[in-house]
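I opened my notebook today to follow a few helices and a few single residues through one structure. Here is what I looked up, step by step.

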Amino acid sequence: MEIRHLRYFLAVADHGSMAEAARKLNIVQPALSRQIHDLEDQLGTQLFQRSIKGAQLTVAGIQFTKDVRKLLDDLEEAKERALQAASGKLGSLRIGISPNHTAHPELLRRLRRFRDTYPDVALMLEAVLAPRQLEEIQEERMDGGFIGLRDLRDKKLSGVKVLRSGLMLAFPADHKYAKQPPAKLSDLMDEPCVWFPRSRSPVYHDYLIQQCHAAGLTPRQILIGGDVGTTLGMVAAGMGYSIVSEASKYNSPSGVVLHHHAELAHVHDVEFVFKTENESPILRAFVDIMNSDPAPLST
């Protein structure tokens with residue numbers, strides 16, 4: 001059974017006549033009659049009662065007409081969706097985002113622009129630390145992710161810059177440095193510091209340690225937070241200070257005071273990272289939106 005058989009059938013059903021349907025379809029009547037007979041043979045039932053007055057639908061024909069109309073409508077919709085998917089206007093994306101940046105207004109602005117431009121694309125965001133994002137992007141379980149720091153030597157991955165971000169000191173609201181941070185980071189040497197395990201994010205961990213050592217500080221790591229939310233929660237509870245991304249000011253809990261510091265002046269890029277060989281039209285449309293503006297400083 002072919003699509004043309006179904007279109008021929010509907011033409012006869014609509015016109016109630018083999019001759020009239022043949023004229024509309026621009027084919028000879030014997031050929032159309034043969035196609036309808038073939039269709040009835042395949043179905044194992046008669047669809048029309050033929051007479052000198054024309055062709056009237058049988059009970060089976062009436063039901064088949066309803067089903068065929070729906071089938072052809074669905075086929076047209078499927079064709080349209082396929083064309084939209086090919087042009088990046090339809091489909092789904094699974095995107096990772098580091099917990100530091102889930103509330104960052106610049107990322108939210110770009111995500112909103114993508115939603116406004118491609119309203120039929122389902123966008124699934126998942127707060128995930130950078131190492132897991134990179135693993136899932138490589139294994140194609142994620143289409144891409146927003147990542148603060150990564151090994152740029154890996155040519156299997158590409159990235160477009162969306163932000164430039166620095167670091168801030170986080171203190172409990174009642175800490176002695178809550179109102180005014182120390183002039184030198186080394187003055188924090190004896191203060192308890194809420195840190196995180198290197199295994200959670202080795203590149204970011206080493207970046208923080210490098211910034212501290214450059215200022216003469218070796219953090220006194222007393223407590224371990226699993227992610228930025230836990231770390232800031234422990235700071236709010238008065239368990240120590242921490243050094244966090246300046247993006248934390250957009251999702252920091254009450255009870256935490258954040259300060260910039262002259263010895264934490266280095267900034268790093270935050271990228272949207274994706275697999276270089278991934279040629280998905282939807283992903284490429286997303287990358288274009290993410291890359292549409294210069295990467296601003298996170299302020």
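**Entry 1: where two helices meet.** I am working with a predicted model. I began with the contact between helix 1 and helix 3: Arg4, His5, Tyr8, Phe9 and Val12 on the helix 1 side meet Leu32, Gln35, Ile36, Leu39 and Gln42 on the helix 3 side. I sorted the residues of this contact by type and got 6 nonpolar, 3 polar and 1 charged.

Next I wanted the geometry. Two packed helices are described by the angle between their axes and the distance between the axes. Helix 1 covers residues 3-15 and helix 3 covers residues 29-43; their axes come within 10 Å and cross at roughly 110°. Angles of 65 to 115 degrees count as roughly perpendicular, so that word fits helix 1 and helix 3. I also noted the hand of the crossing, which is left-handed.

**Entry 2: Val12.** I stayed with one residue of that contact. Is Val12 buried or exposed? Its relative accessible area is 0%, so Val12 is buried. Val12 sits in helix 1. Leaving out residues up to four places away in sequence, I found that Val12 touches Ser17, Met18, Ala21, Leu32, Ile36, Phe48 and Ala55. I also looked up Gln56, which is 44 residues from Val12 along the chain, and the two C-alpha atoms are separated by 9.0 Å.

**Entry 3: Thr65.** I moved on to helix 4, residues 59-86, where Thr65 is found. Buried means under 20% relative accessible area, and Thr65 has 8%, so Thr65 counts as buried. What does Thr65 touch, not counting residues up to four places away in sequence? I listed Phe9, Leu10, Ala13 and Leu57. Phe9 was already in my notes as one of the helix 1 residues that meet helix 3.

**Entry 4: one face of helix 6.** Which residues of helix 6 are buried? In this helix, residues 130-138, I wrote down Ala130, Gln133, Glu136 and Ile137. Looking down the axis of helix 6, I saw that these buried residues fall within an arc of 130°, so they line one face of the helix. Then I asked what they pack against, and the record of contacts gave me four strands: strand 3 (91-97), strand 5 (144-147), strand 6 (157-165) and strand 12 (268-275).

**Entry 5: two positive phi values.** Most residues other than glycine have a negative phi. I therefore kept a note of two residues that go the other way. After helix 6 comes Glu140, with a positive phi near 65°. Glu140 lies in the loop between helix 6 and strand 5, and with a relative accessible area of 53% Glu140 is exposed.

Asn26 has a positive phi near 65° too, and is not a glycine either. Where is Asn26? I found Asn26 in the loop between helix 2 (18-25) and helix 3. With a relative accessible area of 69%, Asn26 is exposed.

**Entry 6: Gln211.** My last stop was helix 7, residues 202-214, which holds Gln211. Is Gln211 buried or exposed? The relative accessible area of Gln211 is 12%, so Gln211 is buried. Leaving out residues up to four places away in sequence, I saw Gln211 touch Leu167, Leu264 and His266.

Conventions: Residues are numbered from 1 along each chain as its sequence is written. This is a predicted model: local features need pLDDT of at least 70, side-chain atom pairs count only at pLDDT 80 or more; totals for chains, interfaces and linings use all residues. Side-chain values use heavy atoms; hydrogens and water are left out. Axes are lines fitted to C-alpha atoms, for helices over the stretch in contact, and angles run from 0 to 180 degrees between N-to-C directions. Angles under 35 degrees count as roughly parallel, over 145 as roughly antiparallel, 65 to 115 as roughly perpendicular and the rest as oblique. A crossing is left-handed if the near helix is turned anticlockwise from the far one by less than a right angle, and right-handed if clockwise. Contact means heavy atoms within 4.5 Å. Ala, Val, Leu, Ile, Met, Phe, Trp, Tyr, Cys and Pro count as nonpolar, Asp, Glu, Lys and Arg as charged, and the others, Gly among them, as polar. Buried means under 20% relative accessible area, exposed over 50%, partly exposed in between (1.4 Å probe, protein chains only). The arc is that of the directions from the helix axis to the C-beta atoms.
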